[in-house]
Amino acid sequence: MFVFIATFAVFVLVIFAMSLGWIIKRKSLQGSCGGISSLGMEKVCDCPEPCDARKKRMERDARRQQGRIL
């Protein structure tokens with residue numbers, strides 16, 4: 001039980017320290033340098049064939065766009 005409490009306390013202290021750094025600098029959080037594009041991927045889902053849920057979403061978005069254009 002002591003190990004659990006000590007670990008929890010360390011996590012709380014680290015999160016508190018990170019929040020103080022953010023509060024003092026007033027700087028928005030940023031991602032890493034490069035991110036997914038540094039791996040040669042143009043998008044998060046780099047599948048050659050989208051899944052069924054993605055196809056439905058794309059069809060719904062296309063219908064919305066057509067409704068706005070007309």
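## Exercises on surface patches and a salt bridge

A nonpolar surface patch of about 400 Å² is made by M1, F4 and I5, and the exercises below start from this feature of a predicted model.

**Exercise 1.** Determine in which helix I5 of the nonpolar patch lies, and place that helix within the secondary structure of the protein.

*Solution.* The secondary structure should be taken as a starting point: the protein has 2 helices and 0 strands. I5, which belongs to the patch together with M1 and F4, lies in helix α1, spanning residues 2–25. As for the surface in general, the accessible area of the protein comes to about 7000 Å², with 66% of it belonging to carbon and sulfur atoms, and 0% of the 70 residues count as buried.

**Exercise 2.** Find the partner with which D61 forms a salt bridge, and work out why D61 is classed as buried, partly exposed or exposed.

*Solution.* A search of the whole structure gives 1 salt bridge, and D61 forms a salt bridge with R64, where the closest N and O atoms are 3.9 Å apart. Both residues lie in helix α2, with a spacing of 3 residues, or about one turn of the helix. The relative accessible area of D61 is 35%, so D61 is partly exposed, given that this class falls between 20% and 50%. R64, at 47% relative accessibility, likewise counts as partly exposed.

**Exercise 3.** Identify the residues that form a positive surface patch, and locate R54 in the secondary structure.

*Solution.* The positive patch is formed by R54, R57, R60 and R63. Of these, R54 is placed in helix α2, residues 52–69, and because its relative accessibility is 37%, R54 counts as partly exposed.

Technical notes: Residues are numbered from 1 along each chain as its sequence is written. This is a predicted model: local features need pLDDT of at least 70, side-chain atom pairs count only at pLDDT 80 or more; totals for chains, interfaces and linings use all residues. Side-chain values use heavy atoms; hydrogens and water are left out. Helices (H or I, at least four residues) and strands (E, at least two) are DSSP runs, numbered from the N terminus. Buried means under 20% relative accessible area, exposed over 50%, partly exposed in between (1.4 Å probe, protein chains only). Accessible areas come from the Shrake-Rupley method with a 1.4 Å probe; for residues, only the protein chains shown count as cover. Patches are made of residues with over 30% relative accessible area and no salt bridge: like charges are joined within 9 Å, nonpolar side chains (Val, Leu, Ile, Met, Phe, Trp, Tyr) within 5 Å. A salt bridge is a side-chain nitrogen of Lys or Arg within 4 Å of a carboxyl oxygen of Asp or Glu. Lys and Arg count as positive and Asp and Glu as negative; His and the chain ends are not counted. The place of a charge is taken as NZ of Lys, CZ of Arg, CG of Asp or CD of Glu.
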